[in-house]
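Colleague: Could you take a close look at the charged side-chain pairs in this model, and then set them against the nonpolar interior? I would like one connected account.

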Amino acid sequence: MPASIDRSRSLEELEGDRWPAPPADATYLMTTVHALRSRPVGTLTVEDLRLLTGHDVGLPVLLVLAVEVLRDNPPAEGDMYEGDLLRAVLTRSPAVWNAYPDLARRLTLIVGGLSGLSPDLLSTVERFVGSLQSS
């Protein structure tokens, strides 16, 4: 996990990993992910964070940014529904959260203060917290 993130740099620059251009027959999702990796991370929207995080792209950098967004606005919404960024972040594998225990603690504090969640999102929060307690 980077100590500080230069938000003027792209994931490609921060990770030191430039992906080749997507193939001509690439899906919209693949083309979008490739394009987002080359944008400065400070310009990524909630939807961009949701999409990339939900596909496990750039997690060492993007989880930091996503948790910052969620700290200030837990129901932050991309293009899908209220709380879609929270769901994308909470549903990363337990191995991801084991690798970033400080972020996991911060996220646990955020979700611990939430009320009025939909039953489905509440269940996602409970699974996340449970997975941390069992590891």
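**Salt bridges and the core**

Modeller: Arg71 and Asp72 are both exposed, and in this predicted model the two form a salt bridge whose closest N and O atoms lie 3.2 Å apart. That pair is one entry in a longer list, since a search of the whole structure finds 11 salt bridges.

Asp120 and Arg87 also meet through their side chains, with an N to O distance of 2.9 Å. Because Asp120 belongs to helix 8 (residues 119–133) and Arg87 to helix 5 (residues 84–90), this salt bridge ties together parts that are 33 residues apart in sequence. As for their surroundings, Asp120 is partly exposed, at a relative accessible area of 48%, whereas Arg87, at 16% relative accessibility, counts as buried, the cut-off for that label being under 20%.

A further pair is made by Glu15 and Arg37, whose side chains form a salt bridge at 2.7 Å, N to O. Glu15 sits in helix 1 (residues 11–15) and Arg37 in helix 2 (residues 28–37), so the contact joins parts that are 22 residues apart in sequence. Here Glu15 is partly exposed, with a relative accessible area of 32%, while Arg37 is buried, with a relative accessible area of 1%. Salt bridges also occur as a network, and one such network links Glu47, Arg50 and Asp84.

Turning to the nonpolar interior, the largest nonpolar core has 35 residues, and those with the most contacts inside it are Val41, Leu52, Leu62, Leu63, Val89, Trp97 and Leu107. The elements that give two or more residues to this core are helix 2, helix 3 (46–54), helix 4 (59–72), helix 5, helix 6 (94–99), helix 7 (101–112) and helix 8. Helix 4 gives the most, with 9 residues. Helix 5 and helix 8, the elements that hold Arg87 and Asp120, are thus both among the contributors to the core. Helix 2, which holds Arg37, is likewise one of those contributors. As a general background, nonpolar side chains in soluble globular proteins tend to be buried together.

Trp97 offers a closer view of this core: leaving aside its neighbours within four places in sequence, Trp97 is in contact with Leu63, Val89, Leu90, Arg92, Leu103, Ala104, Leu107, Phe128 and Leu132. Among these partners, Leu63, Val89 and Leu107 are themselves listed with the residues that have the most contacts inside the core.

Notes
Residues numbered from 1 in each chain as written. Predicted model: local features only at pLDDT ≥ 70, side-chain atom pairs only at ≥ 80, totals over all residues. Heavy atoms only, no water. Salt bridge = Lys/Arg side-chain N within 4 Å of Asp/Glu carboxyl O. Helix = DSSP H or I, 4+ residues; strand = E, 2+ residues; numbered from the N terminus. Buried < 20%, exposed > 50% of the residue type's maximum accessible area, 1.4 Å probe, protein only. Core = buried A, V, L, I, M, F, W, Y, C linked by side-chain atoms within 4.5 Å. Contact = heavy atoms within 4.5 Å.
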